[in-house]
Amino acid sequence: MKFVIAATLAASAAAFAPSKVAQTSTALNAFESELGAQPPLGFYDPLGLLDGVDQARFDRLRYVELKHGRISQLAFLGQITTRAGVYLPGDIDTAGTSFDSIPNGWAAVSAIPQAGLLQIIAFVGALELAVMKDVTGEGEFVGDFRNGYIDFGWDDFDEETKLQKRAIELNNGRAAMMGILGLMVHEEIVPLGYDPDLPIIGHLV
């Protein structure tokens, strides 16, 4: 399970990191001006995932990257929030298991009651199947899930500002994928004998 999550995060982040100068195929050149190919690295595809692909395939990979980035931002924020001692009030079940008694990191998975885990899975499934998608077909770009409802002033931005904000989200998502992956790896490193007094790593227990 942990390996699958780590491999997924790593692959999605690497897919759009900028391309070797030596790569000169027409397919790669076609994506050099896409959002996310920006300084200092420019276009970067070290694994060759975009070799010979069409726009539809690129859009699919970008969709996956955005989704993983958004999930990772929530995951990283959840990590630093609970580790700072901020929890929901009350209990997680009728047996009296309080939210603040749930441990941090991987340990939380086994501490949450089974019914709670099933509710989380059901909620995520509902979001995936019915909410976090372009239901109405009104999306302006890959990952636009407003569906004619949520706007927050987006339509009032000029095109340059829209591109800037999309680039910020993309970069924050990439950083969050590396961040949450780092936290997960460090949490598993500590029991292997690393000094618990090390900053950050030593306190992930």
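A salt bridge is counted here where a side-chain nitrogen of Lys or Arg lies within 4 Å of a carboxyl oxygen of Asp or Glu. By that criterion, the whole of this predicted model contains 11 salt bridges.

Begin by selecting Glu65 and Arg174, whose side chains form a salt bridge with an N to O distance of 2.7 Å. Glu65 belongs to helix α3 and Arg174 to helix α6 (residues 159–189), so this pair ties together parts that are 109 residues apart in sequence. Both residues are buried.

Next, select residues 55–83 to display helix α3 in full. This helix has 29 residues and spans 42 Å from its first C-alpha to its last, close to the 42 Å expected at 1.5 Å a residue. Colour its buried residues, among them Phe58, Leu61, Arg62, Tyr63 and Leu66. Gln79 is also one of the buried residues of α3.

Then turn to Phe76, likewise in α3. Phe76 counts as partly exposed because its relative accessibility is 30%. Add Leu77 and Ile80 to the selection: with Phe76 they make a nonpolar surface patch of about 250 Å². Just after the helix, stop at Gly85, which takes a positive phi of about 90°.

Finally, select Arg146. Its closest approach to Asp144 is 3.0 Å between N and O atoms, in a salt bridge. Arg146 also meets Asp155 in a salt bridge, at 3.4 Å from N to O. Extend the selection to Glu140, Asp151, Glu159 and Lys162, which salt bridges with shared partners join to Asp144, Arg146 and Asp155 in one network. Within this network, Arg146 counts as buried at 18% relative accessibility, as does Asp144 at 4%.

Key:
Residues numbered from 1 in each chain as written. Predicted model: local features only at pLDDT ≥ 70, side-chain atom pairs only at ≥ 80, totals over all residues. Heavy atoms only, no water. Helix = DSSP H or I, 4+ residues; strand = E, 2+ residues; numbered from the N terminus. Expected span 1.5 Å × (residues − 1). Buried < 20%, exposed > 50% of the residue type's maximum accessible area, 1.4 Å probe, protein only. Patch = residues over 30% accessible without salt bridge, like charges linked within 9 Å, V, L, I, M, F, W, Y side chains within 5 Å. Areas by Shrake-Rupley, 256 points an atom, 1.4 Å probe, with all protein chains shown as cover.
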